[in-house]
Amino acid sequence: MTDIRIPARAAVRRGEVRIVLVDDHAIVRQGLRSVLEREPQFAIVGEASSAPEALAVVAHERPSIVLLDLKLSTSSDSEGLQLCRQLTQAHPGVGVLVLTTFLDDRLVVEAVHAGARGYVVKDVDTTELTAAIRAVSRGESAFDSRSAAAVVRSLNGQQPHGETLTGRELDVLRLLARGMSNRTIGRELFISETTVKFHVGNLMRKLDVSRRAEAVYAASKMGLI
């Protein structure tokens with residue numbers, strides 16, 4: 001196991017996006033740190049090369065974002081998926097963004113079910129990666145076009161269940177699919193943020209999902225958006 005020391009936690013600056021990098025390759029972590037630290041609001045507060053290290057660093061630093069590679073110390077992706085599940089259960093306020101080499105329909109879907117708020121492939125450009133990090137830090141979902149398509153393909157053949165969505169719920173759902181926050185959706189539809197939350201809760205109940213990303217992908221597969 002790589003010896004990664006955990007320094008004393010630094011004071012949090014207003015608006016700062018605190019990021020922990022989890023990847024078993026030191027050179028990848030170094031490259032990500034170099035790129036992301038150019039963003040004024042981003043602060044890399046920790047690194048880890050394995051699941052135990054990641055759990056310790058996240059518990060100590062309480063970051064905004066965990067940038068997680070699914071392939072860690074084993075050849076299997078199960079360790080990364082299990083780590084994602086552990087992190088989201090232990091730290092619900094932390095946004096896990098999967099950044100991996102592997103684009104596989106099953107992996108994308110399982111990552112969503114494990115609590116990941118986003119999934120991007122490592123050959124993504126810097127602009128798209130930083131945009132994904134910002135989106136997840138705001139509590140939104142962030143999937144690049146290829147991972148989004150993978151989820152839609154994997155959901156093919158499933159049947160919709162529950163009640164029919166209203167016209168207003170469909171309006172909200174379409175804006176959710178564009179990555180908008182509740183506040184932005186409210187401004188777009190000229191309704192209050194509280195009303196948006198009400199509609200989001202209803203549509204998630206009707207689609208029988210627990211996360212916004214799942215609602216968008218389920219609706220995509222149903223042809224609703």
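Two strands pair if DSSP finds at least two bridges between them. In this predicted model, that criterion applies to strand E1, where Leu-21 has Glu-47 as its bridge partner in E2.

## Overall composition

The protein chain contains 10 helices and 6 strands. Of its 225 residues, 48% count as buried. Among contacts between residues at least 6 apart in sequence, 67% join residues at least 24 apart.

## The sheet

The 6 strands form an open sheet with parallel pairing, in the order E2-E1-E3-E4-E5-E6. The edges are occupied by E2 and strand E6 (142-143), each of which has a single partner strand, so one side of each is left without a neighbour in the sheet.

E1 pairs with E2 in the parallel sense over 6 bridges, and 4 bridges join E1 to E3, again in a parallel arrangement. Individual bridge partners of E1 residues are listed below.

| Residue | Bridge partner | Strand of the partner |
|---|---|---|
| Val-20 | Gly-46 | E2 |
| Leu-21 | Glu-47 | E2 |
| Leu-21 | Leu-67 | E3 |

Helix H1 packs on this sheet and touches E1, E2, E3 and strand E4 (95-100), its direction making about 170° with that of E2. Helix H5 also packs on the sheet, with contacts to E1, E2, E3, E4, strand E5 (118-121) and E6; the direction of H5 makes about 160° with that of E4.

Which residues of E1 are buried on each of its faces? Val-17, Ile-19 and Leu-21 are buried on one side, and Arg-18, Val-20 and Val-22 are buried on the other, which leaves both faces covered. In total, 6 of the 6 residues of E1 are buried. For E2, 7 of the 7 residues are buried, so the strand is largely enclosed by the rest of the structure. E2 nevertheless stands at an edge of the sheet, with a single partner strand.

## Packing of H1 and H5

The axes of helix H1 (residues 26-36) and helix H5 (residues 126-137) come within 11 Å and cross at roughly 80°. Because angles of 65 to 115 degrees count as roughly perpendicular, H1 is described as roughly perpendicular to H5. On the H1 side the contact is made by Leu-32, Val-35 and Leu-36, and on the H5 side by Thr-126, Leu-129, Thr-130 and Ile-133. By class, the residues of this contact comprise 5 nonpolar, 2 polar and no charged.

## Helix H2 and the residue that follows

Helix H2 (residues 51-61) has Ala-51, Glu-53, Ala-54, Val-57, Val-58 and Glu-61 as its buried residues. Seen down the helix axis, these residues fall within an arc of 155°, so they line one face of H2. They pack against strand E1 (17-22), strand E2 (42-48), strand E3 (65-68) and helix H3 (78-90).

H2 is followed by Arg-62, which lies in the loop between H2 and E3. Phi of Arg-62 is near 50°, a positive value in a residue other than glycine. Is Arg-62 buried or exposed? Its relative accessible area is 52%, and because exposed means over 50%, Arg-62 counts as exposed.

## Helix H8 and its surroundings

Ile-185 is located in helix H8 (residues 182-189). With a relative accessible area of 0%, Ile-185 is buried. Not counting residues up to four places away in sequence, Ile-185 touches Val-172, Leu-175, Leu-176, Met-180 and Val-196. For one of these, Leu-175, which is 10 residues from Ile-185 along the chain, the separation of the C-alpha atoms is 6.4 Å.

Phe-190 is placed in the loop between H8 and helix H9 (193-207). Phe-190 is not a glycine, yet its phi is positive, at about 60°. Its relative accessibility of 76% makes Phe-190 exposed.

Definitions and conventions: Residues are numbered from 1 along each chain as its sequence is written. This is a predicted model: local features need pLDDT of at least 70, side-chain atom pairs count only at pLDDT 80 or more; totals for chains, interfaces and linings use all residues. Side-chain values use heavy atoms; hydrogens and water are left out. Axes are lines fitted to C-alpha atoms, for helices over the stretch in contact, and angles run from 0 to 180 degrees between N-to-C directions. Helices (H or I, at least four residues) and strands (E, at least two) are DSSP runs, numbered from the N terminus. Angles under 35 degrees count as roughly parallel, over 145 as roughly antiparallel, 65 to 115 as roughly perpendicular and the rest as oblique. Contact means heavy atoms within 4.5 Å. Ala, Val, Leu, Ile, Met, Phe, Trp, Tyr, Cys and Pro count as nonpolar, Asp, Glu, Lys and Arg as charged, and the others, Gly among them, as polar. Buried means under 20% relative accessible area, exposed over 50%, partly exposed in between (1.4 Å probe, protein chains only). The arc is that of the directions from the helix axis to the C-beta atoms.
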